[in-house]
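I opened the model to look up how its helices pack and where one charged side chain sits among them. My entries follow.

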Amino acid sequence: MGSRPGDHHSRRECRDLRRLDRAFRGPEMTQRLNALGAPSIEQLAFDLRRLDRERRKGPARYSEVWLAAVLSAYDIRLQLACRRLGVPEKLQPLQGADREQERDRIEICLAEAGLILRSPRTP
């Protein structure tokens with residue numbers, strides 16, 4: 001049975017989801033997450049990927065107002081994902097290049113925690 005082009009990608013996603021699943025096992029973690037009332041990690045990952053595409057390739061590139069709205073939504077979801085995965089973040093007080101550098105650091109930390117936001121080919 002040969003492998004199809006999409007098989008590698010889906011295997012990696014399955015591995016990442018299993019890693020996240022292991023991180024969220026246990027009644028204490030479930031209670032804490034339910035108390036937050038925040039979106040699921042799957043929903044956050046979906047939103048972050050969509051917003052990342054918007055900020056890099058969508059209409060946000062042509063409108064400062066649109067870009068500001070997309071970045072604000074992206075940052076809020078980054079912060080929620082960090083809380084879910086126990087990743088420290090300091091986005092709130094930062095602005096400009098410092099804030100962008102913190103976004104990059106957070107994306108790396110989330111990837112290390114098993115939440116991949118972009119494929120390696122995406123700049």
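**Arg55 and the helix packing**

I looked up Arg55 first and found this residue buried, with a relative accessible area of 10% (buried means under 20%, with a 1.4 Å probe and protein chains only). The model is predicted, so I kept in mind that local features need pLDDT of at least 70 and side-chain atom pairs count only at pLDDT 80 or more, while totals for chains, interfaces and linings use all residues. Residues are numbered from 1 along each chain as its sequence is written, and side-chain values use heavy atoms, with hydrogens and water left out.

Arg55 lies in helix H3 (helices are DSSP runs of H or I, at least four residues, numbered from the N terminus). A polar contact of 3.0 Å joins its side chain to that of Asp52 (a pair of N or O atoms within 3.5 Å, one able to donate a hydrogen and the other to accept it). Leaving out residues up to four places away in sequence, Arg55 touches ten residues' worth of neighbours that I list in part, among them Tyr74, Glu100, Glu107 and Arg118 (contact means heavy atoms within 4.5 Å).I next looked up H3 (residues 41-57) against H4 (residues 64-85), whose axes come within 9 Å and cross at roughly 150° (axes are lines fitted to C-alpha atoms over the stretch in contact, with angles from 0 to 180 degrees between N-to-C directions). That makes H3 roughly antiparallel to H4, the term for angles over 145 degrees. By class, this contact has 14 nonpolar, no polar and six charged residues.

Finally, I noted that H4 and H5 (residues 96-112) pack at about 40°, with axes 11 Å apart. The contact includes Leu71 and Tyr74 of H4 and Arg103 and Glu107 of H5.

Definitions and conventions: Helices (H or I, at least four residues) and strands (E, at least two) are DSSP runs, numbered from the N terminus. Angles under 35 degrees count as roughly parallel, over 145 as roughly antiparallel, 65 to 115 as roughly perpendicular and the rest as oblique. Ala, Val, Leu, Ile, Met, Phe, Trp, Tyr, Cys and Pro count as nonpolar, Asp, Glu, Lys and Arg as charged, and the others, Gly among them, as polar. Buried means under 20% relative accessible area, exposed over 50%, partly exposed in between (1.4 Å probe, protein chains only).
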